[in-house]
Amino acid sequence: MREPAATSHRGVTRQAVAEAAADLVATDGLEALSVRQVANRLGVWPTTVMHHAGGRRDGLLALLIEHLAAGICTELQGSWRARLVE
């Protein structure tokens with residue numbers, strides 16, 4: 001049996017793709033966001049990223065926005081004064 005390639009698709013999840021995209025944008029800027037660059041960060045073929053985010057940069061951008069929006073807390077805790085100080 002053949003050894004899996006270094007760019008194996010195993011273990012790559014939608015979450016991992018979103019996190020790699022967020023990391024790429026944080027370090028290199030939004031202009032650097034591409035399927036190929038995210039795939040390079042994950043060590044997989046671009047088709048793996050395309051599977052999770054669609055075949056275009058727009059799908060990757062939508063996945064990134066969804067990932068970032070999930071981290072926004074909308075629950076209000078404490079008084080409005082305490083929140084204002086924070």
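These questions and replies concern a predicted model, in which local features need pLDDT of at least 70, side-chain atom pairs count only at pLDDT 80 or more, and totals for chains, interfaces and linings use all residues. Residues are numbered from 1 along each chain as its sequence is written, and side-chain values use heavy atoms, with hydrogens and water left out.

Me: Which helix gives the most residues to the largest nonpolar core?
Reply: A nonpolar core is a set of buried (under 20% relative accessible area, 1.4 Å probe, protein chains only) Ala, Val, Leu, Ile, Met, Phe, Trp, Tyr and Cys residues joined through side-chain atoms within 4.5 Å. The largest one has 17 residues. Helices H1 (14-28), H2 (35-42), H3 (46-53) and H4 (57-70) each supply at least two, helices being DSSP runs of H or I with at least four residues, numbered from the N terminus. The most, 6 residues, come from H1.

Me: Are H1 and H4 roughly parallel or roughly perpendicular?
Reply: Their axes, lines fitted to C-alpha atoms over the stretch in contact (heavy atoms within 4.5 Å), with angles from 0 to 180 degrees between N-to-C directions, come within 9 Å and cross at roughly 90°. Angles of 65 to 115 degrees count as roughly perpendicular. H1 and H4 are therefore roughly perpendicular.

Me: Which residue has its backbone oxygen 2.6 Å from a polar side-chain atom of Arg57?
Reply: Arg57 is in helix H4. Leaving aside neighbours within four places in sequence, Arg57 is in contact with Leu30, Glu31 and Leu33. The backbone oxygen at 2.6 Å belongs to Leu30.

Conventions: Buried < 20%, exposed > 50% of the residue type's maximum accessible area, 1.4 Å probe, protein only. Parallel < 35°, antiparallel > 145°, perpendicular 65-115°, else oblique. Polar contact = N/O pair within 3.5 Å; in protein donor to acceptor, adjacent residues only side chain to side chain.
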